Amino acid sequence: MTSMEKLQLLLARGTGHKNLVDDLFKTVDDSLKVYRRVGVFEITDQSNEQRGTDNFQCNVDGCTSSFTSMADYDSHYNSNHRYTCIYCRKLLQSAHLLDLHLSETHDNFFKVSSVKKPMFKCFIETCQTQFWNSEDRNVHCKEIHNMSKGFLQHYGNKKNQKKNKKIKYTAPPNLESMVESSMVIN
């Protein structure tokens, strides 16, 4: 049988899922006994996932969602808990972005080191460029990688960080005038 005849034979079979008793599998099954069933089997139309009617809760602390199927739970977990910061509960899109967030936001060593050398890594995991500050990184990502301004604003949202406010100190009070006014020393 030529390769063209074999191709024509396969195309004649059609596409899609085939039943186990289809002629396509018959010769292989007869020789290798691949699909031979030994023992007692219960064949049902519904999978265990579809038959389950018991609700079960998400196992993440603080989450009150409940599900009737593992597919629903997997979808929920991947979209709500997969890359979540354990400190501030911020949800990020990838492990790389979570790593950047943890370093830049919650790591004191990073804060000290970033004064001495460029520590801000690019948002693109394969890009090895590092920057002195997040503003330069954002410009790089926008110009070189064509990242949207919306993404950069979302990632740069610092609402969960403690703001470093500069405290304005006033001159200390004149201690001599305090002693003279109303303080009595025994």
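How much of the chain is helix and how much is strand over residues 85-106, and how far apart are the end C-alpha atoms? In this predicted model, that stretch is 55% helix and 0% strand, and its end C-alpha atoms lie 10 Å apart.

The stretch is one of those that a record singles out: an unreviewed UniProt entry places the annotation "domain: C2H2-type" on residues 58-81, 85-106 and 122-145. Over residues 122-145, the chain is 42% helix and 8% strand, and there the end C-alpha atoms are 10 Å apart.

Stepping back to the chain as a whole, the reader will find nine helices and four strands, which follow one another along the sequence in the pattern α-α-α-β-β-α-α-α-β-β-α-α-α. Of the contacts between residues at least 6 apart in sequence, 18% join residues that are at least 24 apart. The chain has 186 residues, and buried residues make up 20% of them, while the area that the chain exposes comes to about 15,500 Å², with carbon and sulfur atoms supplying 53% of it.

A particular place on that surface can be followed in the structure, where Met 4, Leu 7 and Leu 11 form a nonpolar patch whose accessible area is together about 320 Å². One of these residues, Leu 7, belongs to helix H1, which spans residues 3-13. Why does Leu 7 count as partly exposed? Leu 7 is placed in that class because its relative accessibility is 41%, a value that falls between the limits of under 20% for buried and over 50% for exposed.

Definitions and conventions
Residues are numbered from 1 along each chain as its sequence is written. This is a predicted model: local features need pLDDT of at least 70, side-chain atom pairs count only at pLDDT 80 or more; totals for chains, interfaces and linings use all residues. Side-chain values use heavy atoms; hydrogens and water are left out. Helices (H or I, at least four residues) and strands (E, at least two) are DSSP runs, numbered from the N terminus. Buried means under 20% relative accessible area, exposed over 50%, partly exposed in between (1.4 Å probe, protein chains only). Contact means heavy atoms within 4.5 Å. Accessible areas come from the Shrake-Rupley method with a 1.4 Å probe; for residues, only the protein chains shown count as cover. Patches are made of residues with over 30% relative accessible area and no salt bridge: like charges are joined within 9 Å, nonpolar side chains (Val, Leu, Ile, Met, Phe, Trp, Tyr) within 5 Å. A salt bridge is a side-chain nitrogen of Lys or Arg within 4 Å of a carboxyl oxygen of Asp or Glu. UniProt positions are given in the numbering used here, feature names are shortened, and annotations may be inferred rather than shown by experiment.
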